[in-house]
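Please read this note with the model open beside you, and check each point against it as you go.

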Amino acid sequence: MNGRKSVLAALIFLVSAAAVPAANVYWDPPGGSLGVGQRSSLDLVFEDCQPSGAVDLPSVPDVSFGRPSQSSQTSIINFKMSRRTVFSYPVLPIRKGRITIPSFTVDTDEGKLNVKSATYDVGDATVGRSNLSIESIAGSKLTTDAQTVWAGQVFSLKYDLLIVRRFNPTSVGDLVWSAPSELVTEPWEKPQNISAIVDGETRVGFEYHTRAYARDSGTLTIPAANQLINLEVGTSAFGLFQRPDIQQYQISSTAPTLTVRPLPSPAPADFMNAVGEFKLESKVVPQAAAVGEPVTWTLTLEGTGNWPENLALPSREVSKDFQAIRPQVNRKTKGGTLFDGSISEDIVLVPTKAGTYTLGPVGYSYFDPKEGRYKSLTTDPVTVIIRPALTSATPATGTPVVS
């Protein structure tokens with residue numbers, strides 16, 4: 001009798017053990033195809049277990065993983081209960097070819113579990129069920145207004161995005177572009193709406209502008225810009241209503257090449273690294289004063305050029321008959337720009353002797369990239385007349401003081 005009970009208990013144990021599902025974590029689908037620049041979804045499935053901490057995915061070159069959404073399911077089939085927790089990751093491949101998510105270990109409430117590797121082939125993205133490539137529906141270009149520039153020369157960058165209008169581009173993400181370290185760049189201006197006819201179809205989109213200059217000579221490839229777009233690729237039924245099917249794609253622009261020429265050598269002795277278009281102004285107020293009365297000499301340089309290189313004004317020479325107070329420097333740029341600006345210096349001169357003095361001229365050389373040569377600016381000399389100091393016995397009119 002005891003033997004029969006032992007056998008029965010063993011059978012019950014085996015049946016119970018068989019009914020306990022094995023915990024598992026895996027990718028769904030475990031392989032297949034993805035579209036380059038097309039946002040898809042990959043599920044990380046926790047079967048009969050739960051993650052016990054943060055899930056750290058391994059790094060995969062040329063693929064970005066977004067923040068996952070999470071869902072849970074519980075089912076009972078033939079008295080067998082199973083539970084699933086699904087992390088749905090948005091994935092965006094940016095290169096064609098084969099990618100592999102390496103195997104990794106994840107902490108769960110059933111202990112550490114291994115996730116097998118998964119391999120996918122990344123090919124051309126197609127738009128909805130049209131079988132059309134995304135390149136035939138949308139495209140972007142990054143262009144410069146010149147293919148060859150001088151070091152320090154300000155040039156324009158333009159980015160155009162055009163999308164076939166019948167795909168009703170519902171929204172467009174921010175322009176994503178990383179300026180190379182060789183460039184000094186202004187922020188992109190607000191986009192303008194544009195349209196064009198391409199291959200007989202109307203395309204709509206946006207145009208962006210900015211300016212930049214390269215500090216050093218050489219050949220520079222300007223990185224492509226990226227932008228996410230949402231396209232309406234069809235409709236699906238939702239009860240009595242229909243709703244549009246939206247797919248998201250990343251559009252990458254062209255990457256132009258720029259040749260940067262070094263400035264001609266030798267440069268003038270008074271060249272202070274200014275490249276662009278400038279004008280120099282000198283002003284003296286007042287031009288007649290008495291000994292001990294201050295005279296302000298203002299020198300101003302303004303124009304369009306490579307102001308972020310900390311452009312400065314030349315030094316000035318004055319007679320030893322003046323006491324000079326340290327100049328006040330004022331730098332300005334137009335709102336939202338880096339390359340349209342001015343610098344001015346006010347030197348306060350206090351004369352110690354009467355006489356006639358000349359302030360200036362002042363010379364300044366800069367490089368004009370449009371003409372490809374150095375130019376010199378020279379201010380006109382200003383004559384200043386200094387009278388003897390006034391005394392209490394001798395007023396300015398020369399009339400004796402009446403007591």
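The points below take up confidence, then sheets, then cores.

1. This is a predicted model, in which local features need pLDDT of at least 70 and side-chain atom pairs count only at pLDDT 80 or more, while totals for chains, interfaces and linings use all residues. Residues are numbered from 1 along each chain as its sequence is written, and side-chain values use heavy atoms, with hydrogens and water left out.

2. The protein chain has a mean pLDDT of 89 (pLDDT is the predictor's confidence in each residue, from 0 to 100), and 90% of its residues reach 70 or more. Over residues 7-19, however, pLDDT stays under 50, and the model has 1 contact for them beyond four places in sequence, where contact means heavy atoms within 4.5 Å. Residues 393-403 also have pLDDT below 50, with 5 contacts beyond near neighbours in sequence. Where pLDDT is low, the predicted coordinates should not be read in detail.

3. An open sheet of 6 strands (strands are DSSP runs of E, at least two residues, numbered from the N terminus) has the order E27-E28-E26-E24-E30-E31, and its pairing is mixed; two strands pair if DSSP finds at least two bridges between them. At the edges are strand E27 (322-333) and strand E31 (373-378), each of which pairs on one side only. Within this sheet, strand E24 (residues 271-285) and strand E26 (residues 295-305) run antiparallel and are joined by 10 bridges, and Lys283 stands opposite Thr298 in E26.

4. A further open sheet, of 3 strands, follows the order E25-E32-E29, again with mixed pairing. Its edge strands are E25 (288-290) and E29 (355-359), and E29 pairs with strand E32 (residues 382-387) in the antiparallel sense over 5 bridges. Here Thr356 stands opposite Ile385 in E32.

5. Which residues have the most contacts inside the largest nonpolar core? This core has 31 residues, and those with the most contacts inside it are Val127, Ile134, Phe155, Ile222, Ile229, Leu231 and Tyr249. A nonpolar core is a set of buried Ala, Val, Leu, Ile, Met, Phe, Trp, Tyr and Cys residues joined through side-chain atoms within 4.5 Å, and buried means under 20% relative accessible area (1.4 Å probe, protein chains only). Among the elements that give two or more residues to this core are strand E15 (155-164) and strand E21 (226-238), and E15 gives the most, with 6 residues.

6. Tyr249 deserves a separate look. Not counting residues up to four places away in sequence, Tyr249 touches residues including Gly37, Val127, Ile134 and Leu231. A second, separate core of 25 residues includes Ala289, Trp307, Leu349 and Tyr366.

Key. Helix = DSSP H or I, 4+ residues; strand = E, 2+ residues; numbered from the N terminus. Buried < 20%, exposed > 50% of the residue type's maximum accessible area, 1.4 Å probe, protein only.
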